[in-house]
Amino acid sequence: MITLDLMNTARAVGLFYPPDPASCDESSLGGNVAENAGGLHCKKYGVTKDYVIGLRAVTIEGEVLCTGVYSEGDLFDLTGILLGSEGLLAAVTEIAVRLIDLPRSGPTILAAFDRPENAAQAVSDITCSGVIPSVMEYMDGDAAACSNRYEKTLEIEQAAAILLIETSGETSEKQADQIYDICRKHHASLLKREANPENAERLWKLRRNLSKAVKASAEEKISEDICVPPSRLPELVSFVAELNAEYSFRVNSYGHAGDGNLHVNFLVERPDEVDIGLVEAGVRRLFARTLELDGTLTGEHGIGLTKKEYLHLEFDPATLAHMKKIKTVFDADNLLNPGKMFT
Ligand SMILES: Cc1cc2nc3c(=O)[nH]c(=O)nc-3n(C[C@H](O)[C@H](O)[C@H](O)COP(=O)(O)OP(=O)(O)OC[C@H]3O[C@@H](n4cnc5c(N)ncnc54)[C@H](O)[C@@H]3O)c2cc1C
């Protein structure tokens with residue numbers, strides 16, 4: 001089942017399935033479970049694992065595993081083991097999820113800043129203030145410009161960074177006031193507030209088009225996906241700006257800022273003129289800085305093939321060895337997704 005179909009079906013009867021990866025119009029619930037997907041609403045409402053209450057999964061031996069509500073009660077948390085296991089352990093065939101009441105949606109705020117650090121500091125201060133927006137997205141000036149070139153949705157020529165924030169619930173207006181104040185304190189150069197859903201949708205278009213727009217802006221796009229504690233986000237966006245200034249190729253970023261998530265894109269316009277080794281060095285520097293900032297090398301895109309060589313930077317040998325042992329218990333001959341996650 002496509003994620004968006006579940007979200008729409010729930011919404012039609014006043015219910016809400018919050019885990020909404022930006023790929024929700026094409027991703028499947030099975031893939032969401034395999035990657036423990038997050039999304040725009042996950043800061044406030046949680047990620048896939050917070051909504052899955054049971055799984056049926058078929059092992060490589062053809063046995064059917066029943067977890068959570070499909071069993072008489074878990075002893076070991078098998079649901080938890082299968083969530084985020086990237087298809088290495090079993091094929092998930094049935095998923096039971098819980099739904100919540102559809103919250104009252106509040107206004108959308110767009111805040112533009114002259115420095116990426118100011119936008120990131122606003123994110124950090126909003127987090128510290130106790131206000132939990134339902135969505136809080138960050139994009140730097142280059143990413144926003146790509147989106148606006150792809151489809152003009154905003155009358156704004158230049159900004160070093162943009163935040164798009166939505167509040168929800170009974171106190172959504174009051175939360176929006178507090179967010180406004182924090183953005184002003186951090187010298188927002190433009191603030192817009194839209195309560196009308198159609199007008200708000202025009203602002204969200206800027207975010208929705210980002211992935212395609214950034215991809216279209218260069219011949220080669222190497223996209224990384226990292227997370228740091230929100231309080232360290234100012235240091236991370238500052239580092240991304242440094243990389244961008246230093247290299248001949250562009251480095252831009254956007255992400256679910258409420259979770260401290262940032263997609264950092266290395267964008268090469270003319271690949272034959274750029275040494276790919278320099279891009280790889282940039283990626284390694286980004287990872288090193290992320291770990292220095294107490295972050296993680298994979299926010300939401302998983303490990304798969306491309307991140308496996310960096311696993312040892314984040315996990316100690318004993319933890320990694322135990323994860324590999326779990327793989328062996330489920331799939332001794334390494335037939336499911338061979339070569340992914342572990343070498
Ligand atoms: C434009 C774009 C935006 C994205 N935004 C987000 C985002 O906001 N948040 C986020 O978390 N991710 C995001 N992603 C990453 C990705 O879409 C998610 O991780 C999603 O959950 C993957 O689901 P899928 O159905 O596309 O899985 P696939 O890509 O088809 O598969 C992913 C892995 O899961 C395994 N798998 C798939 N189905 C099953 C199953 N039924 N049982 C066992 N294993 C299975 C596959 O073997 C594979 O290893 C984005 C990707 C793109 C391209």
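Here are some notes on the sheets, the helix packing and two loop residues of this model.

1. Ground rules. This is a predicted model, where local features need pLDDT of at least 70, side-chain atom pairs count only at pLDDT 80 or more, and totals for chains, interfaces and linings use all residues. Residues are numbered from 1 along each chain as its sequence is written. Helix and strand labels follow DSSP runs (H or I of at least four residues for helices, E of at least two for strands), numbered from the N terminus.

2. The seven-stranded sheet. The strand order of this open sheet is β9-β6-β8-β7-β11-β12-β10, and the pairing is antiparallel. Strands count as paired if DSSP finds at least two bridges between them. At the edges sit β9 (190-194) and β10, each pairing on one side only. From one strand to the next, the twist averages 15°. Angles here run from 0 to 180 degrees between N-to-C directions, with axes as lines fitted to C-alpha atoms, for helices over the stretch in contact.

3. Strand β12 and its partners. On one side, β10 (residues 220-227) pairs with β12 in the antiparallel sense over eight bridges, and isoleucine 226 has leucine 262 as its bridge partner in β12. There is also β11 (residues 250-255), joined to β12 by five bridges, again antiparallel; here arginine 250 is partnered by leucine 267. The β11-β12 connection is a hairpin with five residues between the strands, and glycine 260 in the turn has a positive phi of about 75°.

4. How covered is β12? Eight of the eight residues in β12 (261-268) are buried, where buried takes 20 or more other C-beta atoms within 10 Å of the residue's own, exposed takes 12 or fewer, partly exposed is in between, and C-beta atoms are placed from the backbone. Both faces are covered: one has Asn261, His263, Asn265 and Leu267, the other Leu262, Val264, Phe266 and Val268, and all are buried.

5. Elsewhere in that sheet. Strands β7 (residues 135-140) and β8 (residues 161-168) pair antiparallel over six bridges, with tyrosine 138 opposite leucine 163 in β8. Helix α10 lies across β7, β11 and β12, and runs at about 155° to β11.

6. α5 against α10. Two packed helices are described by the angle between their axes and the distance between the axes. For α5 (residues 116-129) and α10 (residues 233-246), the axes come within 8 Å and cross at roughly 160°. That makes α5 roughly antiparallel to α10 (under 35 degrees is roughly parallel, over 145 roughly antiparallel, 65 to 115 roughly perpendicular and the rest oblique). The crossing is right-handed, meaning the near helix is turned clockwise from the far one by less than a right angle (anticlockwise would be left-handed). Pro116, Glu117, Ala120, Gln121, Val123 and Ser124 of α5 meet Leu233, Pro234, Val237, Ser238 and Ala241 of α10; contact is C-beta atoms, placed from the backbone, within 7 Å. This set splits into seven nonpolar, three polar and one charged. Nonpolar covers Ala, Val, Leu, Ile, Met, Phe, Trp, Tyr, Cys and Pro, charged covers Asp, Glu, Lys and Arg, and the others, Gly among them, are polar.

7. α5 against α7. The axes of α5 and α7 (residues 172-185) come within 9 Å and cross at roughly 140°, so the two are oblique to each other. This crossing is right-handed. Ala122, Asp125, Ile126 and Ser129 of α5 make the contact with Gln178, Ile179, Ile182 and Cys183 of α7, and by class that gives five nonpolar, two polar and one charged.

8. The three-stranded sheet. This one is also listed as open, with the order β3-β2-β4 and antiparallel pairing. β3 (64-66) and β4 (91-97) are at the edges with a single partner strand each, so one side of each has no neighbour in the sheet. Strand β2 (residues 52-58) is joined to β4 by six bridges, with glycine 54 partnered by alanine 96.

9. Two loop residues. Tyrosine 51 lies in the loop between α3 (42-45) and β2, and counts as buried because of its 20 C-beta neighbours inside 10 Å. Leaving out residues up to four places away in sequence, tyrosine 51 touches Tyr17, Pro18, Pro19, Gly46, Val97 and Arg98. Aspartate 294, in the loop between α11 (276-292) and α12 (311-314), is exposed, with 12 other C-beta atoms within 10 Å. With the same sequence exclusion, aspartate 294 touches Val228, Pro229 and Arg232.

How values were computed:
Two residues are in contact if their C-beta atoms, placed from the backbone, lie within 7 Å.
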